[in-house]
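Here is a short tour for a fellow modeller. Please have the coordinates open as you read.

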Amino acid sequence: MTDLADTPIASPEDTTALSTAPAPPQQPARGVARTLRYGWRRLTSMRTALLLLSLLALGAIPGTLLPQRGLNPVKVDDYIAAHPHLGPLLDRLSLFDVFAAPWFAAIYLLLFISLIGCLVPRIRLHARALRRRPPHAPRNLLRLSTSARWTAADEAARIAAECSRTLRAGRWRVDVSEEPDGAVTVAAEKGYLRETGNLLFHVSLVVLLAGIALGGLFGYKGTALVVQGQSFANVRSSYDVFQPSRLYSDSSLAPFSFTLDRFTAAYQPDGTPENFDAKVSYQPRPDGPVTTSDVRVNHPLHASGANVYLVGHGYALRIQVRDPHGRLVYDSATPFLPDTSMFASHGVVKVPDGLPHQLGLTGFFYPTYVATPAGPDSSYPAPRDPVLLLAAWRGDLGLDRSAQSVYSLPVASLHHIANAQLSPGESWRLPDGTRVTFVGVDQWATFQVAHDPGKNVMLGAAVLIVTGLLLSLRVRRRRFWLRARPAPAGDSSRRTVVEAAGLARTDSERFAVEFSDLVQRLGAPAAVTTEED
Amino acid sequence: MPGTSINLGLAHVSDRLLVWTVVAYALAMLGYAAEFAFDRRAERAKDPRSRRQVSSRAGLIAVGLTVLGWALHVGSVTTRGLSVHRVPWGNMYEFSSMVSLVAVTVFLVLLARQRVRFLGLFVMAPVVLYLGLAGTVLYANAGPLVPALNSYWIKIHVVAAITASGAFMVSGVVTVLYLLKERWERRTVSLGPGAAAAVEVGTPPTESVPEARRGGLMAWLPDAARLDRLAYAVVSFAFPIWTFAIIAGAIWAEQAWSRAWGWDPKETWSLITWLAYAAYLHARATAGWRGRRAAVLSLIGFGCLMVDYYVVNTVITGLHSYAGIS
Ligand code: HEM
């Protein structure tokens, strides 16, 4: 196979380069401008692209071997604590944030600068090649590795016309010309889509990066816990956790809302989850129509440009507290947070007002209660035998002093009153006459709302990336030349000498077959001299 | 709901079929080895024609056994899928079985289009090894999928990943052969044109040319340039599919985990694999890199693929860790 990739960027005269791949840069003469140009050529050379691709792959490896803040910040802290010398050093090298590290960004930004710098001239060249006629036949066709020579009785012009008809029918691009010595040459080329596909692929990589950047600059995401029967409105204060992007503004929050009508979970006999389903009523605008929809694990709700995902669930316990006179001072479905895969959970009730003292309850909930030597536990995630263990505390809950979690109580500064074990429907009377009722078990679900304005751009780029790749790797680019030269004046045989040659950069086996088919159809004898090295 | 009842009888049939698959593949491997051995002897024998016949008959039998093993293999994964009422690629065992099936399929398809019977021995050997490991070390009992895997994107994503991996496996084999042959060609040439010529025409080599003597298998292989083109052809089939697998995975992740890309170890290693093969494709077009160095990049890509499947699943855990052995 003739080696073509090495040849410099296809100049109009160059007949053998079948791609616009940049040539290796040559050492420059002196001068600042020259050095700069040389540097730029270096940066946009194939070798640099290769180097940067490899570096990017290498650079990503530590991000999979060391714990990463973006995935699991607790593990990172553990790691640093366990490696007091190495940990901080690695941290300084951003090795716990590899994918947000400046050096990682430097690699891919350089790669993309190199890519753009390489693409612009290639696109220009290819656009020119698309408009240009197929390149002229080399002087000596028989020097190419795939070539043939035979003689024919027909006139040179007729042979050439026949050849060009055959090639055009096979959707080759054809150019016929006459040479000064009377020879007629046909130059043909096919498979331009290969280069088009390659350029499409690389351009789409840039578009993909732009899509990613768009999401990173203008998107948002957040999570919110919603108890069954309650509603979520898409305003910032509804979120438990909210992560805006750099250029986010509150105006990008679409004004939708939804109500969690019903949450169901199905489990296998051994307690592994089988299916989750959150039925919601969704309203795109405050005055918009209400539609019902199912949010499941692989099935987010598409809500005015944002997606709403089901990311977690747990139990909310309906608990009522009445003062000694029977007046209701607390009545709420209180979310408990799961601690085990069988949903042994913990939670807190805070009753700051309505009683002589502030009252706090800490609770442990077991959907399917079992007593084990290690203490109470849950043996199944569904509420088959729900039990709530409560401890009552009196004192200053400290609500007005500091922001504190709704799932914990400052028990150290409180006075412990009593403990109780309750099943749904049961009540518990505290020594001072306050009555606590475990009314029943509800469920809650956590939803993640994510808005990524670059998503469609990324999807489009991805489709083009695959399309471009398929074209670039499947289409074969090849050239074909034929030269028919009338017999020299003194030659008594009067036969026209025909020479043909072809060139393909990939899949030369298949091309050799195609070539010999072609020349046989053009009148070459079967035993044509196609050779291969 | 998938997996509410598992058909243990069918699951058992699937296991038995896999055993017979391995037996058929192993016999096929012996057949390909016999083809080579008799072909070599034919060159020295007094009556080369009869030896050649034995050789090509052994090769044909080996192909027949490969096709038989392939059919048994298809039966094994099909019954496995039927027994659990789902696609048969939910854990590492099933996955490895599918990858080997694709590798054999790619080989058979190549065989139908080109003269690549020489590859038989080198494809069957790792496939037998791989299936042996899959059936013992990685084996997992038939069971249903966890909810996160229960999506039609998993079918698209995993089918693509498996197809690409099976093909990468074949290209890996061809690349190793290329590297060996390329080295052999360089050495034979460096021994002088006489040695190379002696090997090419198959003259019994003399003791004074040790390199040529060792070249029995090497001389039998097609030339390095052809192996290189074959490896490239297979990679250029697999690479767009791998690209598509990553994209389908991102779409699935976007639906299941609310983000398309999260630098989870599995995602990251898939990207590293992709970058390594992209580097290989570039290297083939870069002066000073094509040939041996490009081939090494391709093997590095295959190594990354293996890390992606086995090391990430067992040692490094991420969101994908449900794919584990137990
Ligand atoms: C984000 C970085 C890049 C990636 C992921 C990438 C990936 C690829 C892949 C997968 C191929 C093989 C498929 C095909 O031919 O279309 C390829 C080919 C090619 N790439 Fe890139 N590339 C990148 C950057 C660059 C840069 C910076 C250059 C400029 C030097 C470049 C120049 C080329 C050329 C010329 C080919 C065609 C090779 C041939 O003719 O076979 N690429 N690239």
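The report below covers the ligand site and then one sheet.

This is a predicted model, in which local features need pLDDT of at least 70, side-chain atom pairs count only at pLDDT 80 or more, and totals for chains, interfaces and linings use all residues. Residues are numbered from 1 along each chain as its sequence is written, chains are lettered from A and ligands numbered from 1 in the order in which they are written, and side-chain values use heavy atoms, leaving out hydrogens and water.

Let's begin with the ligand. It is surrounded by 28 residues, each with a heavy atom within 4 Å of it. Among the closest are A:Cys118, A:Arg505 and B:His282. The site is shared between chains because residues from chains A and B surround the ligand. By class, the shell has 18 nonpolar, 8 polar (Gly among them by definition) and 2 charged residues. α6(A) gives the largest share, 6 residues, while α10 (265-283) of chain B is one of the helices (DSSP runs of H or I, at least four residues) that each supply at least two.

Three polar contacts (pairs of N or O atoms within 3.5 Å) are listed here:

| Side chain | Ligand atom | Distance |
|---|---|---|
| A:Asn198 | oxygen | 2.9 Å |
| A:His202 | nitrogen | 2.7 Å |
| A:Ser472 | oxygen | 2.6 Å |

Now for the sheet. Chain A has an open sheet of 5 strands (DSSP runs of E, at least two residues) in the order β13-β14-β15-β18-β19, with antiparallel pairing (at least two DSSP bridges between strands). Its edge strands, β13 (337-338) and β19 (415-422), each pair on one side only. β13(A) is joined to β14 (345-351) of chain A by 2 bridges, and A:Leu337 has A:His346 as its bridge partner in β14(A).

Note on methods
A polar contact is a pair of N or O atoms within 3.5 Å; within protein, one must be able to donate a hydrogen and the other to accept it, and residues adjacent in sequence count only if both atoms are side-chain atoms.
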